[in-house]
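Please open the model in your viewer and keep the sequence panel beside it. The tour goes from one selection to the next and says what is found at each.

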Amino acid sequence: MPEQIIELSETLDTAVFYGVNNQNLQLLRDLYPAVRVVARGYVVKVTGADKEVERFVQNLRKVERFCVEHNVLNEDIIIDLVKGIHPTTVKQDNLILHGLNGKPILARTENQQMLVRAFEHNDLLFAIGPAGSGKTYTAIALAVRSLKNKEVKKIILSRPAVEAGEKLGFLPGDMKEKIDPYLQPLYDALQEMLPPQKLQEYMDKGIIQIAPLAFMRGRTLSNAVVILDEAQNTTIPQIKMFLTRLGLSGKMIVTGDLTQVDLPPSQRSGLRDAIEVLQDVQGISIIHFNQKDIVRHPLVQRIVDAYKRTTDD
């Protein structure tokens, strides 16, 4: 009997697709008892009569596409798709992507939505604003969406480890162990958007890279979404070096909070300098977030407001 080999999308979460104990795959097998199905990872082998195999593959692709887009799958969804009915899903305004376990990742505020729109039309974006306003989270969501949609081949995330200064060499462990604490907020966001196994696979293959700013020197960052977080702690030469790494088919998002500069008082923030120098350059968008964008615990906004009143006084 003829055999057909199906290669599934690499952006698919196979754990969600196959289900617990392969229950989703077993349902598909039960719906097509005349077809023999063997699946391993991203490869599915189908054996049977030509017409039955063709019908099975058509529906397998429907299920695959739904799972890639929504990152969720169950018996009811599979049956609806096989019947030709689009499964009922709750429409989410300002949806960026579906994260872990189908969780909707949304642009919740006006400025977050502005960042999403600006990403479509600009290759370099600056997102400036206070802690908790969703700058980095929204930026990483846009990067993950671009990767899943195969618009780019890589995501590169970076931030300056200013707090460590010259003390990195005295910290225990190898370089990764030394810098990981400074990059943890980036890991935290990714872990809400990608399954652990898929995230680890992407990092092992270099599809997602997280590195301190110093590691960007000498690189050309093409076919990638590149995010520089906490950019208020860059010097002028550092941010200039970073911005000039942008390669073909690449996009950059630079985030920072100009009220939390950890540089010595005598040193001007590279982020402040960059937005002044580049504000009128075509292809660059600068979005200013504010206290209204804070989407953490309500206390965070009150804390920011209290410190702002103290500064104003």
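What follows is a walk through a predicted model, taking sheets, helices and cores in turn.

**Stop 1: the three-stranded sheet**

Select strand 1 (3–7) and strand 2 (36–40), the edge strands of an open sheet, each of which pairs on one side only. The sheet has three strands in the order 1-3-2, and their pairing is antiparallel. On average, neighbouring strands here are turned by 15° against each other, direction ignored.

Now add strand 3 (residues 43–47), which is joined to strand 2 by five bridges in the antiparallel sense. To see one of the pairings, label Ala 39 and its bridge partner in strand 3, Val 44.

**Stop 2: helix 3 and helix 4**

Next, show helix 3 (residues 50–70), which lies across strand 1, strand 2 and strand 3. Its direction is at about 10° to strand 1.

Then bring in helix 4 (residues 75–83). How do the axes of helix 3 and helix 4 cross? They come within 9 Å of each other and cross at roughly 130°. An angle that is neither over 145 degrees nor from 65 to 115 nor under 35 is classed as oblique, and helix 3 and helix 4 are therefore oblique to each other. Their crossing is right-handed. For the contact itself, display Asn 59, Lys 62, Val 63 and Phe 66 on helix 3, together with Ile 77, Ile 78, Leu 81 and Val 82 on helix 4.

**Stop 3: the six-stranded sheet**

Move to the open sheet of six strands, with parallel pairing and the order 8-7-9-10-6-11. Colour strand 8 (208–212) and strand 11 (284–288): these stand at the edges with a single partner strand each, so one side of each has no neighbour in the sheet. From one strand to the next, the twist averages 15°.

Within this sheet, pick strand 6 (residues 124–128) and strand 10 (residues 251–256), which pair in the parallel sense over five bridges. Ala 127 has Thr 255 of strand 10 as its bridge partner. Helix 9 (residues 236–243) packs on the sheet, where it touches strand 6, strand 9 (224–228) and strand 10. The direction of helix 9 makes about 155° with that of strand 10.

**Stop 4: the nonpolar cores**

In soluble globular proteins, nonpolar side chains tend to be buried together. Here, the largest nonpolar core has 37 residues. Select Ile 140, Val 144, Leu 157, Leu 190, Ile 208, Ile 210 and Ile 227, the residues with the most contacts inside this core. Helix 6 (residues 135–148) gives the most to the core, with seven residues.

Which residues does Leu 157 touch, not counting those up to four places away in sequence? They are Ile 140, Leu 186, Leu 190, Gln 209, Ile 210, Ala 211 and Ile 227. Apart from the largest core lies another, of 26 residues, including Val 16, Leu 27, Val 37 and Val 68.

**Stop 5: Thr 138**

Finish in helix 6, at Thr 138. Is Thr 138 buried or exposed? Its relative accessibility is 2%, so Thr 138 counts as buried; the cut-off for buried is under 20%. Leaving out residues up to four places away in sequence, Thr 138 touches Ile 96, Gln 112, Leu 115 and Val 116. Draw a C-alpha to C-alpha distance from Thr 138 to Leu 115: the two are 7.9 Å apart in space and 23 residues apart in sequence.

Technical notes:
Residues numbered from 1 in each chain as written. Predicted model: local features only at pLDDT ≥ 70, side-chain atom pairs only at ≥ 80, totals over all residues. Heavy atoms only, no water. Core = buried A, V, L, I, M, F, W, Y, C linked by side-chain atoms within 4.5 Å. Buried < 20%, exposed > 50% of the residue type's maximum accessible area, 1.4 Å probe, protein only. Helix = DSSP H or I, 4+ residues; strand = E, 2+ residues; numbered from the N terminus. Contact = heavy atoms within 4.5 Å. Pairing = 2+ DSSP bridges. Axes fitted to C-alpha atoms, helices over the stretch in contact; angles between N-to-C directions. Left-handed = near helix turned anticlockwise from the far one by under 90°.
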